[in-house]
Amino acid sequence: MTDLTSLTIAEARAGLASKSFTASELTDAHLAAIEAARVLNAYVLETPDRAREMARAADEKIAKGEGGPLAGIPLGIKDLFATRDIRTTACSKILGNFIPPYESTVTTQLWRDGAVLLGKLNNDEFAMGSSNETSCFGPVTNPWRRDGSNTTLVPGGSSGGSASAVAAQLCMGATATDTGGSIRQPAAFTATVGIKPTYGRCSRWGIVAFASSLDQAGPIARSVRDAAILMRSMAGHDPKDTTSVDIAVPDYEASIGKSVKGMKIGIPKEYRLDGMPAEIEKLWSEGADWLKAAGAELVEVSLPHTKYALPAYYIVAPAEASSNLARYDGVRYGLREGAKNIIEMYEDTRAEGFGAEVRRRVLIGTYVLSAGYYDAYYLRAQKVRTLIKKDFEDCFAKGVNAILTPATPSAAFGIGEKGADPVEMYLNDIFTVTVNMAGLPGIAVPAGKDSQGLPLGLQLIGRAFDEETLFSLGDVIEQAAGRFTPAKWW
Amino acid sequence: MNAPAAPHKLIKGATGDWEVVIGMEIHAQVTSNAKLFSGASTAFGGEPNSHVSLVDAAMPGMLPVINEECVRQAVRTGLGLNAKINLRSVFDRKNYFYPDLPQGYQISQYKSPIVGEGEVELELDGGRSVTISIERLHLEQDAGKLLHDQSPTMTYVDLNRSGVALMEIVSKPDIRDAEQAKAYVTKLRSIMRYLGTCDGDMEKGSLRADVNVSVRKPGGPLGTRCEIKNMNSVNFIGQAIEYEARRQIEIIEDGGTIEQETRLFDPNKGETRSMRSKEEAHDYRYFPDPDLLPLEFSQAFVDDLKAHLPELPDEKKSRFITGFGLSSYDASVLVAERESAEFYEAVLTGLADKARDGKLAANWVINELFGRLNKESMDIASSPVSATQLSAIVDLIGEGTISGKIAKDLFEIVWQEGGDPRALVEARGMKQVTDLGAIEKVVDDIIAANPDKVEQAKAKPQLVGWFVGQVMKSSGGKANPQAVNDLLKSKLGI
């Protein structure tokens, strides 16, 4: 049965349709795999009863010929998504045993289409981190290891649980969120496919907020086609989220295998960093060659404000976070400490409930919004953001269809390796934050391995609401590079 | 800021006259079924926490969605204040911690409000008037309520009000004394009640005012202001301003300086006391709410609302004056409350001859009806005399069927027992006697019986009033007073 977990969603869909196996069998196989892989710490909550119940329901629907597009497909859900009657914590102590009486719009749509919930996936606390080490449930282990090494590596973050679970075949796909690279960087670290759609493509309703103007939900999967299948169910306008956009959701899967002949692919010179590892450089030009071989045209482009993106991001995101996280005050739900008086309650609850990285960002955010500093920091960062957006607009206005960049400046690193200097950690997102700042879609696709056998990914950045082009191009890379599976050691 | 001062009250201090400078922030609860950013009910008086949505309780992942009805109400109010409507405005977050504020921030409008500058005209005693400029009107969320009396050790939170839409209307510092301040609040309240955008119920907290008070030598530079928070009575506003102005004058005249601070008015002691100083003021860290797009609408949307605005008090007043010859004072009394004006309009509608009796009807509404209602501490909604009944009474007077005096008796009967006034007049024989022959006989009898008075009246014509009284008494009040008067004058030769 175990080989059921190695199927792609597309393959499982076919197997279910041809009655080769049932949704219940598929789910049981995954539940067994999850149980055997607890050492990875990918799941913070397993929901086997719910999973079996949903799988049974899917089997009944499939039998009646009423199965939805995801009927019987077992998924993991990042713990940032509210799931009705199921503990949702954002992997923060401050939410404690919070059980929401509501279901996020994105997951509602997945269940509508027949998907099965296996459990809740680990992430950096409130999605603040690039290694999944800030979770109150402890770090997630990457199923990938360096050749001949037992060193435990991070899966990236903040969607580390999602990436690790998908790579280790503990679910067929997972939901994730991306504020500065939280889908694409862990995807790159685990040889999975992750897409951050255009801001406004997926509803944010019911997703614990980190930075509202940057947060966007997306899938992590084991193939570009699977990511396209999941995107179709996750995307869509939601009147409950004013920032979601009312544009019809296309059949993303139809983009797979579509010719990319004649497409103009931008190679931004500003992404060629000083001291960039030769392996990354090589991967990048290889990716460009593949696209060229498929008929695309490569052009050098300039995104002159790229170097300001990371500093500006680390003003905008913490500013919004400092305000978004004010609601965790011990008054209505979650953790409450020090009830002697109200000030003490606030202070103790928040000091005890938030981890160090969250506290750091709340402090930075509070500082940059303070009277006398607002103009120098927040306002300036917003102006930089406008310039970054314009860089991309100018580029696309010249007929560029998508931009190719490395997904990360390095492969996965060891747990505890980058904890000391927060800026070193923040640099992980150097290629991805610009995309959030501009609100554009970006996909990370596995493209090769480094000299130590660790996966590396490439990123494609598209025009707003043109995820389809990213799927077509991503598929070209996947066809050329192949798919990568970690050797099972757990 | 230094516009020529309208006639206003100065305060005498030891060093001469002082002028009070007042600016106001009025918080008016928007009349709407649902809250500003959630679908929860705005009904008053529910069980604690019975009108709370997931958004109002700031559950994780919840997002605000603007209630269009509240936007319409704000625009309508802006139009009623003759103000500039901003087709694009922005919602900001005002960040501070308090247990009645679930999100940890209030969604408000900071730099770009929905309504810009406008003005209202106030009528003061003695026919004076003054124009007060409006700085802006913006939409924001109300907070919840803390209940301190439910437990000896705990404070409870009721979130029913949390997220209810408020309009904050900010005046320029154009107000110069307590009388103007009271008139300003009363006028805003009246305009909003006409528009149906705020019920103006100050007891329920639907209308609250923060009052900024400073003093200066007339025409001098502005003084340091103190803000008196959360006033919910027009009279308290007046008292607080009087007290606060004198307090500031005393400090300055004693050689002290005014510290900018927030104060509270204690209605029991009639004084204001310090709540927090400027140093303790919050840094609200305003920034645009990233959960909400800028609020944008078209001029056509505004024009449509404008086309459907009801007649406002100022327009109604001038129509009453020019259409029915009402005095400015009477017209003001009638239009001050929407319900009064509507009652008067209903009486007008029922009249047989509006042009002839419109003014008479106003007198009856103001003097007889309002007078009686006041005496009984009743409001117009519970008046035992309906507009239709009052129209009938006025018709009966206007057409000469009954005298004013009889009408008062009739009014009393209708008040006590109800019934159709015209039928009552028939049934009870209250019709005025206009038969000159009958009146003449009574007049002759009285003249014959009082030769001494006749002599006196010839010397002193005012005494005719005594004769009129006697005739009326003798006729049971049913004689036509004008006819009696005319007859007496000719018979007495005066």
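Helix α12 of chain B, residues 436-449, is a good place to start: its 14 residues reach 20 Å from the first C-alpha to the last, close to the 20 Å expected at 1.5 Å a residue. Everything here comes from a predicted model, so treat the numbers as computed from it. Below are notes on that helix, chain B as a whole, a small sheet, the nonpolar cores and a few backbone oddities in chain A.

**Helix α12 of chain B**

- Three residues of α12(B) are buried: B:Ile439, B:Val443 and B:Ile446.
- Those three sit on the same side of α12(B), because they cover an arc of only 65° around the axis.
- What do the buried residues of α12(B) pack against? Their partners are two helices of chain B, α14 (464-474) and α15 (481-492).
- Flip to the face turned away from the buried side and you find exposed residues: B:Gly437, B:Lys441, B:Asp444, B:Ala448 and B:Ala449.

**Chain B overall**

- Chain B has 15 helices and 16 strands.
- Chain B is more spread out than a compact globule, because its radius of gyration is 29 Å, well over the 23 Å that the globule rule gives for 494 residues.
- Along the principal axes, the C-alpha trace of chain B spans about 95 × 55 × 55 Å.
- Of the 494 residues in chain B, 40% are buried.
- Take the contacts in chain B between residues at least 6 apart in sequence: 69% of them join residues at least 24 apart.

**A three-stranded sheet in chain B**

- Three strands of chain B make an open sheet in the order β5-β4-β15, and the pairing is antiparallel.
- The edges are β5 (105-108) and β15 (287-288) of chain B, each of which pairs on one side only.
- Strand β4 of chain B, residues 92-95, is joined to β5(B) by four bridges, and the two run antiparallel.
- One residue pair to look up there is B:Asp92 with its bridge partner in β5(B), B:Ser108.
- As background, strands of a sheet pair through backbone hydrogen bonds, either parallel or antiparallel.

**Nonpolar cores**

- The largest nonpolar core has 231 residues, and those with the most contacts inside it are A:Leu75, A:Val116, B:Ala74, B:Ala181, B:Val211 and B:Ile241.
- Which helix gives the most to this core? That is α9 of chain A (residues 309-324), with 10 residues.
- A:Val116 touches a string of chain A residues, including A:Ala23, A:Thr27, A:Ala51, A:Met54, A:Ile73 and A:Leu75, leaving aside residues up to four places away in sequence.
- Another core, of 33 residues, lies apart from the largest one; among its residues are B:Ala362, B:Ala387, B:Ile406 and B:Val414.
- In general, nonpolar side chains tend to be buried together in soluble globular proteins.

**Backbone oddities in chain A**

- A cis peptide bond joins A:Gly157 and A:Ser158, with omega about 5°.
- A:Ser158 belongs to the loop between β3 (116-121) and α5 (160-167) of chain A.
- A:Ala127 is also found in the loop between β3 and α5 of chain A, and its phi is positive, near 65°, in a residue other than glycine.
- Is A:Ala127 buried or exposed? It is buried, because 31 other C-beta atoms lie within 10 Å.
- A:Asn41 is not a glycine either, yet has a positive phi of about 60°.
- You'll find A:Asn41 in the loop between α2 (23-36) and β1 (43-46) of chain A.
- A:Asn41 counts as partly exposed, because it has 19 C-beta neighbours inside 10 Å.

How values were computed. Residues are numbered from 1 along each chain as its sequence is written. Chains are lettered from A and ligands numbered from 1 in the order in which they are written. This is a predicted model: local features need pLDDT of at least 70, side-chain atom pairs count only at pLDDT 80 or more; totals for chains, interfaces and linings use all residues. The expected span of a helix is 1.5 Å times one less than its number of residues. A residue is buried if 20 or more other C-beta atoms lie within 10 Å of its own, exposed if 12 or fewer, and partly exposed in between; C-beta atoms are placed from the backbone. The arc is that of the directions from the helix axis to the C-beta atoms. Two residues are in contact if their C-beta atoms, placed from the backbone, lie within 7 Å. Two strands pair if DSSP finds at least two bridges between them. A nonpolar core is a set of buried Ala, Val, Leu, Ile, Met, Phe, Trp, Tyr and Cys residues joined through C-beta atoms within 7 Å. The radius of gyration is taken over C-alpha atoms; the globule rule is 2.2 Å times the number of residues to the power 0.38.
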